[in-house]
Amino acid sequence: MADSQRVKSFVCIALFSICLLQCNPIAFAILDPVDFLALQSIRKSLDDMPGSNYFASWDFTSDPCNFAGVYCDSDKVIALNLGDPRAGAPGLTGRIDPAVGKLSALAELSVVPGRIFGALPQSISQLKSLRFLAVSRNFISGQIPASLGELRNLRTLDLSYNLFAGAIPTAIGTLPELSNVILCHNRLSGSVPPFASQTLTRLDLKHNDLSGSLAPNSLPPSLQYLSLSWNRLTGPVDGLLNRLGQLNYLDLSMNQLTGTIPGRVFTYPITNLQLQRNMFSGRVQPDGQVSISTIDLSYNRLSGEISPLFSTVQSLYLNNNRFTGQVPGSFVDRLLAANIQILYLQHNFLTGIQINPTAEIPVSSSLCLQYNCMVPPLQTPCPLKAGKQKTRPTAQCNEWRG
């Protein structure tokens with residue numbers, strides 16, 4: 001905008017403000033002209049998708065603080081929620097205008113799911129009061145601006161379900177107040193940066209292309225929710241997991257993680273533990289009776305006997321490993337009492353289970369034993385992926401014992 005145009009805009013805003021004050025001098029505070037112009041630019045770069053009526057209230061001949069999604073304190077915009085927040089409502093299309101960085105008092109910026117494309121404006125880093133940034137389920141591309149590391153008051157960063165590529169900026173990990181980082185379902189690559197915030201409770205980076213290993217001290221012990229599944233992470237995580245005693249959800253599945261699974265993890269207040277499809281190895285020995293309702297350790301390289309401490313798990317997936325020996329009797333007791341819903345033990349090297357061949361498995365329970373070093377004492381339906389072979393070839397069993 002040329003200087004003359006900018007002057008004209010400010011004059012128009014001033015005259016408009018005087019008119020409003022004369023008509024209703026106590027109705028509202030007049031919005032800062034800089035914020036007024038920023039909202040105009042934002043509006044010009046976005047449109048309602050078919051079926052959305054979000055911008056119907058954005059009439060710039062009236063008070064912008066009464067616009068849908070605009071919240072003011074005195075003469076400044078402090079929150080901007082772009083789009084109709086109702087579930088299933090169509091979102092917006094277009095681009096986020098860099099003028100958003102002019103809303104100097106903005107503490108909250110969110111965009112509902114829609115078809116917004118282009119890059120995330122670098123100017124967002126000018127919003128030094130920003131605490132909440134959520135722009136998920138759109139088509140925003142390019143790299144995550146490293147300048148977001150200048151938002152020292154940021155607590156929630158949600159850029160999930162977009163088309164972001166490149167590395168997660170190391171500067172984001174240095175933000176001291178972060179509590180929620182949700183960057184899942186993008187195309188991010190490189191390593192997981194260390195996070196310094198001691199108030200970080202949720203870290204969700206699943207469904208990206210992240211690689212490298214995780215240092216034992218790279219994540220804070222304040223974490224309660226950690227999801228890193230569907231990446232290409234490697235190396236051991238036992239040192240890291242031993243420090244995360246407040247976890248109530250852990251999903252590291254679909255990676256290439258190695259080493260042992262620490263027994264302490266099974267005593268955490270977790271409701272759902274997903275470690276399947278990695279390369280974890282060695283024995284698995286919980287430090288105490290397990291109260292986690294769902295545990296999936298399938299498709300790893302775990303070995304040794306199955307601990308009876310797992311018999312209190314409602315849904316237990318230990319299939320496609322290298323477990324040996326007898327299935328503990330406590331599993332049978334709880335299975336027949338319908339306290340176990342799923343017990344998948346197929347594709348291991350197990351040699352027996354003490355269960356009456358005439359026993360009836362409760363209809364609410366599912367047991368699969370096929371392809372072990374034993375003839376299953378009773379026939380139970382197994383998932384299709386288990387194959388049709390009931391027993392592992394004797395040569396394989398002898399070789400494993402040898």
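## Exercises: a pocket and three disulfides

In the lining of the second largest pocket, five residues are nonpolar, six are polar and three are charged. Here Ala, Val, Leu, Ile, Met, Phe, Trp, Tyr, Cys and Pro count as nonpolar, Asp, Glu, Lys and Arg as charged, and the others, Gly among them, as polar. This is a predicted model, where local features need pLDDT of at least 70 and side-chain atom pairs pLDDT 80 or more, while totals for chains, interfaces and linings use all residues. Residues are numbered from 1 along each chain as its sequence is written, and side-chain values use heavy atoms, leaving out hydrogens and water.

**Exercise 1.** Find how many disulfides there are, and in what pattern.

*Solution.*
- Step 1: look for pairs of cysteine sulfur atoms within 2.5 Å; the count comes to three disulfides.
- Step 2: number the bonded cysteines along the chain, and the pattern reads 1-2, 3-5, 4-6.

**Exercise 2.** Work out which parts Cys368 and Cys382 tie together, and whether each is buried or exposed.

*Solution.*
- Step 1: the two sulfurs are 2.0 Å apart, and with 110° about the S-S bond the link of Cys368 and Cys382 is right-handed.
- Step 2: Cys368 sits in strand E27 (residues 366-368) and Cys382 in the loop between E27 and helix H6 (394-401), so the pair ties together parts 14 residues apart in sequence. Helices (H or I, at least four residues) and strands (E, at least two) are DSSP runs, numbered from the N terminus.
- Step 3: Cys368 is buried at 0% relative accessible area, whereas Cys382 is partly exposed at 23%. Buried means under 20%, exposed over 50%, and partly exposed in between (1.4 Å probe, protein chains only).
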